Every structure is written in C-alpha cells, then in structure tokens.
Amino acid sequence: MTSTIGSFDEQSQTPRDPRDPIPTPWESFSAIAELIYRHKVGVVVERGTPEASLGTDLAVYAAEAGIPTLLCTPRRPLHAPPLLLVDTHARPTTSRINERLQAPHRGREFEFLVVEDYERMSPDEYPFVDRYDPIDDLDYEPPTPAEELLRAVQMLRTKVPALFTTALSTTPDTSRSLLETFPAEHPASVLTDACKPVLTLHRTDLRTVKARVDLSSNPGGQLVTLSWPTVPAMRNLAELRQALTVYGAAGDRDRFDADLDTVPLDDLDQVSGIVQTYRQRVIQRTAAVILPAQTTDEPEDHQR
C-alpha cells in the first residue's frame with residue numbers, strides 16, 4: 001500500500017469529503033471495517049498482541065493524514081500529531097466525549113473518534129432518567145452495568161466514524177459468535193448491540209490476521225483472513241515517519257527528523273545510512289513483540 005502520510009501544513013490541506021472512509025495502514029482491514037459517516041465499529045483484540053494498540057495506531061495514522069481525531073485512551077501515545085487530541089480520563093462519560101467532539105480542534109471539526117478499552121465509559125445521570133419512588137414502583141429494576149455501557153455508546157451524538165475497542169485476556173475464538181463465547185454482560189458481547197460491524201481479531205502468523213465479522217448479535221458471522229504484516233511498510237520517508245510514530249521507541253520520530261536536518265542535501269550516503277538505521281529499529285521492535293509468541297506451543301497466562 002502506498003502511504004500518503006507525512007509532514008503537512010494544517011492550513012493548506014485540501015478539504016476532505018466527510019463521506020470518504022477513514023484511511024488505515026491496512027487495506028484489507030479498511031475494506032471490512034468501513035469507517036464511514038455515522039458508522040460505529042467495534043473491535044475485539046487480545047491483550048498483549050500487536051493488535052491490542054489498534055485504536056491508538058489508527059488514531060495516530062488518521063491524524064498524520066490530516067484528519068482531526070479524538071482519541072480516548074488510558075495510555076497516551078508516544079507521539080501525538082497536531083491534529084490528534086488525546087483524552088486520558090479514566091472514566092470518560094458520554095457528555096464529556098460529546099463536548100470534546102463539538103469543540104473545534106486547531107480550528108477544525110473532528111472527523112474521527114476512537115475509544116480504546118471502551119468499557120471505561122459511563123453514561124451521564126439526567127434528572128429525568130432512572131429516578132423512581134421505591135414505594136410507587138415496586139417492580140423497578142435498576143439498569144445493569146451492561147445496559148449502562150450500551151447506553152453510554154448509544155448516547156454519543158456524533159456523525160463522524162467511531163471505533164470502539166476492547167481487549168481480552170485470552171485468545172479470541174473466531175469460530176463462535178461473541179455471545180456464544182461470553183455472557184451477555186461482557187463488554188465484548190455488549191459491542192454486538194452497540195456497533196455494526198464488530199470485528200474479532202486473532203493473529204495467525206507474522207503476516208495475517210483472522211477476523212470474524214459480526215453484523216448483529218445473532219450467530220452467523222463471516223470469517224475472513226486479512227493481510228496484516230506486523231512489520232509496517234517503509235518504502236519512503238512518509239511511511240518511515242509513520243512507522244516510527246506508531247512502532248518506534250519514545251522520541252525516535254523526533255530524533256529521525258533531527259538527524260536528517262543535520263545532513264547536507266548532496267550527502268546521499270549519509271541519508272541512506274540514517275534511513276536504514278531507523279528502519280532496522282522499527283523491524284527489531286515489531287519482531288520482538290510477535291516472535292516470542294510464535295516460538296512456543298505452550299499457552300500463555302495473560303493478564304488483564
């Protein structure tokens with residue numbers, strides 16, 4: 001895939017049609033996720049895998065592409081492009097996210113919302129909701145945590161594409177629907193009512209990910225194999241910068257630009273040497289994440 005990511009002047013960007021899908025680094029994922037106008041997409045991943053940071057990766061990628069993006073995450077990314085607003089509130093409410101989305105960011109309206117570990121969300125309490133008299137209404141049952149979580153997602157008043165992720169402590173079973181695997185109150189199960197589609201991801205090797213695509217809470221999801229290399233494409237400076245942003249160590253992206261700034265324009269050998277050094281750093285870091293899991297047949301004890 002040819003990337004269009006790179007340094008840009010925020011004021012000189014060509015206006016983007018809001019009906020266009022949000023770009024991602026993986027064409028096959030883009031095709032099934034359909035991050036388009038008004039769509040809410042859910043993604044279930046395994047904690048500790050490269051896909052666990054999917055939400056942050058996509059938010060950073062979109063912002064680098066010139067798309068104002070709001071990222072709600074408990075973990076601040078190593079690098080935040082100018083058009084990325086990061087909210088690390090531990091328990092974001094519906095109204096908090098709605099207010100963030102309605103306020104311009106760097107003079108532009110938001111075009112993409114990402115909520116990582118979406119089960120952290122909570123709905124707001126309104127004076128006219130869930131207020132009851134225990135004497136007059138003996139049959140009243142307070143909403144369950146699952147109902148509250150579903151309401152929190154449903155009450156997001158936004159037209160922009162939105163992505164919600166939740167991470168499992170075990171390997172996802174793509175052969176069964178989420179409701180066949182987990183109780184109805186599990187965050188992964190709630191996603192099937194809150195989002196369309198819901199994608200359950202399971203990495204099968206270094207280059208492919210198996211995805212189950214569920215369009216409803218009923219059984220009958222579609223299984224697809226996605227081309228999803230763990231080592232990102234780094235065929236030009238724009239793609240290398242993006243790879244350093246998403247996969248590099250803290251400060252790698254800034255150091256790369258600083259190293260290039262000191263090299264004379266006609267010293268191509270030195271430029272090539274810098275590029276190769278930073279490409280190798282990305283390769284080593286991505287390989288270190290996935291390779292240990294591929295060298296053993298023993299199940300891991302994952303921590304939530």
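Here's a quick briefing on how this protein chain is put together. Keep in mind that you're looking at a predicted model. The protein chain has 304 residues, and its regular parts are nine helices and eight strands. Those eight strands come together in an open sheet, so that's a handy place to start.

**The chain overall**
- Buried residues make up 47% of the protein chain.
- Take the contacts in the chain with a separation of 6 or more: 66% of them link residues 24 or more positions apart.
- The accessible surface adds up to about 15600 Å², and carbon and sulfur atoms account for 51% of that area.

**The sheet**
- If you walk across the sheet, you meet the strands in the order 3-2-4-5-1-6-7-8.
- The pairing in the sheet is mixed.
- At the edges sit strand 3 (84-87) and strand 8 (222-227), and each of them pairs on one side only.
- From one strand to the next, the twist averages 20°.

**A closer look at strands 6 and 7**
- Strand 6 covers residues 198-203 and strand 7 covers residues 208-214.
- These two run antiparallel, with six bridges joining them.
- To spot the pairing by eye, find Leu199 and look across to strand 7: Val213 stands opposite.

**A helix on the sheet**
- Helix 3 (residues 94-102) packs on the sheet.
- Helix 3 touches strand 2 (69-72), strand 3 and strand 4 (112-115).
- The direction of helix 3 makes about 160° with that of strand 2.

Technical notes. Residues numbered from 1 in each chain as written. Predicted model: local features only at pLDDT ≥ 70, side-chain atom pairs only at ≥ 80, totals over all residues. Heavy atoms only, no water. Helix = DSSP H or I, 4+ residues; strand = E, 2+ residues; numbered from the N terminus. Buried < 20%, exposed > 50% of the residue type's maximum accessible area, 1.4 Å probe, protein only. Contact = heavy atoms within 4.5 Å. Areas by Shrake-Rupley, 256 points an atom, 1.4 Å probe, with all protein chains shown as cover. Pairing = 2+ DSSP bridges. Axes fitted to C-alpha atoms, helices over the stretch in contact; angles between N-to-C directions.
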